[in-house]
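Me: I'm trying to get my head around this one. Could you take a close look at one helix end and the backbone angles there, then at a few other odd backbone spots?

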Amino acid sequence: MTTVHEPTTAAGLSVWPASTTGSPHGDLAVGGVPLAEVADRFGTPVYVLDEAEVRDRCRTYRGAFPDAKVLYAAKAFLCRAMARWMDEEGLGLDVCSAGELELAVTTGFPPERIVLHGNAKSPRDLDTALRLGVGRIVIDSPAEIARLAAAVGPDGHQKVMVRVVPGISAGGHEKIRTGTEDQKFGMSIADGYAQHAIARVLDQPQLELTGLHCHLGSQITSVKPYLVAVRRLVGLMARLYEQHGLVLPELDLGGGHGIAYRPGEEALDLTALARRVRAELADACATAGLPAPRLIIEPGRAIAGPAGIAVYRVLSVKHTGEHVFVAVDGGMSDNPRPALYGVRYAPRLIGRHSTAAPARVTVVGRHCEAGDVLAAGVDLPADVRPGDLLAVPVAGAYHLSMASGYNLVGRPPVVAVRDGLARLLVRRESLADIRSRDVGL
């Protein structure tokens with residue numbers, strides 16, 4: 001296949017998987033599979049996941065952080081195949097529920113390489129983690145300490161970390177900033193809450209404190225907040241050594257690594273992050289007279305996001321005053337992010353070549369909600385019409401993992417592509433599936 005017009009230049013495809021190629025008739029292929037062919041075979045909406053892109057991003061992280069533990073944040077997107085790929089690429093998993101944990105372990109993922117998070121873990125979450133032998137449990141509140149110790153039992157043993165709040169504001173939207181004092185996660189360093197909780201953990205002999213954890217937020221594109229976090233957490237580690245003689249072997253900086261959703265947008269420089277965090281950690285620990293702990297990082301979006309594409313079929317084109325609304329057969333039930341965070345995407349026409357001039361349109365979903373907008377103010381060919389296919393890149397993270405049952409339309413399938421082959425990973429949710437859960441009259 002060859003590139004034939006400007007939108008499929010390297011710049012135009014900069015946010016698409018590396019395997020993406022164009023064709024003279026206007027289609028795009030990912031992983032050697034034409035997207036229009038995927039739509040015809042599996043129907044629309046459909047999510048396409050480039051397996052090679054996922055694996056390459058895992059290897060990039062392991063190469064940038066060779067001495068660190070890299071945990072994939074499963075909340076971004078998890079299915080059995082994804083868990084298998086993470087295992088084969090040598091990553092651990094960061095999970096947030098018994099559901100995510102059980103899916104991974106029943107797929108064959110080693111439980112000792114799994115870390116359980118959550119600001120309000122249920123009894124089932126904790127019981128499942130202990131039963132399956134999860135590697136670490138991150139304590140997020142003082143109330144969890146006694147509950148976990150009791151669940152472990154006097155003769156048991158569980159490695160834990162404590163999530164602290166370093167007082168740093170970072171992230172692409174206020175709803176995804178988690179390093180500040182005014183949100184639900186973790187325990188504050190500034191007011192002594194974290195130190196008090198750590199002292200309580202040390203009083204529980206069946207709980208082994210292996211390190212500190214923090215997560216600053218999501219969609220962070222600057223290295224600086226991570227450097228500030230390193231300094232503040234090492235400062236806390238120094239105080240813990242002075243007070244308790246405690247030397248912690250692990251330091252988890254979480255994830256939140258920002259990616260570009262549209263050409264020209266900024267993304268976090270992973271090479272710079274690795275180099276500068278390692279230097280900052282070594283310097284801060286040397287100043288404090290402490291050995292440098294092993295780093296843990298938790299990328300999710302940065303691995304899954306750019307590997308996914310959502311493909312929709314146009315249902316209608318409506319001209320209302322100065323606005324043009326292009327309605328597709330999916331929407332906020334499979335991608336709530338524009339409604340939640342005002343995220344902007346760069347959809348494109350696929351499946352045919354258009355010579356029409358670009359027109360400014362708003363791509364909307366099929367749901368009975370005025371906020372069901374997938375992409376506002378984007379350029380598409382002026383002759384876009386019902387039956388056309390639109391593809392949205394960077395759709396691998398926080399789409400299907402946050403999907404809902406709104407209007408009972410059913411969640412789309414997930415199809416993996418690699419080396420010219422497409423295979424179904426997650427089937428489409430059918431009306432029969434929906435009906436089967438409705439057991440009362």
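Which residue follows α3, and is its phi positive or negative?

Reply: Sure! First, a heads-up: this is a predicted model, where local features need pLDDT of at least 70 and side-chain atom pairs count only at pLDDT 80 or more, while totals for chains, interfaces and linings use all residues. Residues are numbered from 1 along each chain as its sequence is written, and side-chain values use heavy atoms, leaving out hydrogens and water.

Now, your helix end: G90 follows α3, and its phi is positive, near 85 degrees. Helices here are DSSP runs of H or I with at least four residues, strands are runs of E with at least two, and both are numbered from the N terminus. Helix α3 itself covers residues 80-88, and its buried residues are A81, M82, A83, W85 and M86. Buried means under 20% relative accessible area, exposed means over 50%, and partly exposed is in between (1.4 Å probe, protein chains only).

What about the other odd spots? Most residues other than glycine have a negative phi, and most peptide bonds are trans. Y398 isn't a glycine, yet its phi is positive, near 60 degrees. N407 isn't one either, and its phi is positive too, at about 65 degrees. Y398 sits in the loop between β19 (389-393) and β20 (414-418), and N407 lies in the loop between β19 and β20 as well. Y398 counts as buried because its relative accessibility is 13%, whereas N407 is partly exposed at 36%.

Last up is a peptide bond: the one from T44 to P45 is cis, with omega near -10 degrees. You'll find P45 in the loop between α1 (35-42) and β4 (46-50).
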